[in-house]
Amino acid sequence: MNDYYRLAESVKYTRNKRRVILEGKDESLTLIGMGRSAFVFKVPSDNKALKVFFPEFKAIAQEEAEIYRMLKGIPQFPELHESGDNYLVIDYIEGLTLFDCLTQGIPIDPEKIQEVDRVLMLAKKRGLNPSDIHLRNILFTSKGEIKMIDVARFRQTKDCLQWRDLKRAFHWFYFKPFCPKKIPAHVLNMIAAVYKKRLIPSPH
Ligand SMILES: Nc1ncnc2c1ncn2[C@@H]1O[C@H](COP(=O)(O)OP(=O)(O)O)[C@@H](O)[C@H]1O
Ligand SMILES: [Mg+2]
């Protein structure tokens, strides 16, 4: 039994109707994020991130691990160090998500958006179909690099239009001089909720 296995086992949840609540964890772990399917912790002793999936999303751990293996060598994706039944160990990324940049008013240049495009092309060349590309799955480091995480849906066959639509939002609004460069979190969350319900018509 290795250390990451033990650390992943230490993570305990409870749920109320709408949310998963973290109940317990090894004291060495620092919570750094929570998505739809997992809690993510920093393992400070070795600068890695431990992603522990909620029980109903456990099967995703192996799928995401395989995809990280397929992306190996593309520097904008974290390297996979280990995977288990319900967890992944990847490089910890010191940075801010695109969501954080927008809410904190940190400016995003068009070159960064082009770079995301180039990275997604590289993933496509490896036979993948990048999906679920949104503001919380793209990070910017203090050195100005971009990093992309949460690749579990990169093998889905259905086309995902999220990145195309996000790019349009950048070009049609964000890069325009009239658009404020600091956008409150509740406004972004509201736009995301409306988008998810498909209330914003998508011109094909
Ligand atoms: N390797 C990492 N380094 C730093 N932060 C991370 C890392 N992986 C995930 N996070 C943080 O945790 C959040 C949730 O992780 P993610 O992999 O997107 O989970 P989910 O599949 O549940 O959406 C991310 O939005 C990000 O803020
Ligand atoms: Mg995510």
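## A tour from helix H6 to the ligand shell

Of the 12 residues of H6, the number buried is 0, so this helix lies largely in the open. Here "buried" means 20 or more other C-beta atoms within 10 Å of a residue's own, "exposed" means 12 or fewer, and "partly exposed" is in between, with C-beta atoms placed from the backbone. Helix H6 covers residues 185-196, and its end C-alpha atoms are 16 Å apart, which agrees with the 16 Å that its 12 residues should span at 1.5 Å a residue (the expected span is 1.5 Å times one less than the number of residues). After H6 comes Arg-198, with a positive phi near 60°.

A word on the model: it is predicted, so local features need pLDDT of at least 70 and side-chain atom pairs count only at pLDDT 80 or more, while totals for chains, interfaces and linings use all residues. Residues are numbered from 1 along each chain as its sequence is written, with chains lettered from A and ligands numbered from 1 in the order in which they are written.

Now for the whole chain. It has 6 helices and 10 strands, taken as DSSP runs numbered from the N terminus (helices: H or I, at least four residues; strands: E, at least two). The radius of gyration is 17 Å, close to the 17 Å from the globule rule for 204 residues, so the chain is as compact as a globular protein of that length. That radius is taken over C-alpha atoms, and the rule is 2.2 Å times the number of residues to the power 0.38. Of the 204 residues, 23% count as buried.

What surrounds ligand 1? Its shell holds 19 residues, of which Gly-33, Gly-35, Ala-49, Ile-93 and Asp-150 come nearest; a residue is near if its C-beta atom, placed from the backbone, lies within 6 Å. Each strand in this table supplies at least two residues of that shell.

| Strand | Residues |
|---|---|
| E3 | 30-34 |
| E4 | 38-43 |
| E5 | 48-53 |
| E7 | 87-91 |

Turning to the interior, the largest nonpolar core has 37 residues, and Val-151 is one of those with the most contacts inside it. Such a core is a set of buried Ala, Val, Leu, Ile, Met, Phe, Trp, Tyr and Cys residues joined through C-beta atoms within 7 Å. Leaving aside neighbours within four places in sequence, Val-151 is in contact with Glu-64, Ile-67, Tyr-68, Leu-71 and Phe-77 (contact: C-beta atoms, placed from the backbone, within 7 Å).

Leu-71 also leads to Gly-127: the two are 56 residues apart in sequence and 9.9 Å apart in space, C-alpha to C-alpha. Gly-127 is found in the loop between helix H4 (110-125) and strand E9 (138-141). Is Gly-127 buried or exposed? Gly-127 is exposed, with 9 other C-beta atoms within 10 Å.

How values were computed. Contact = placed C-beta atoms within 7 Å.
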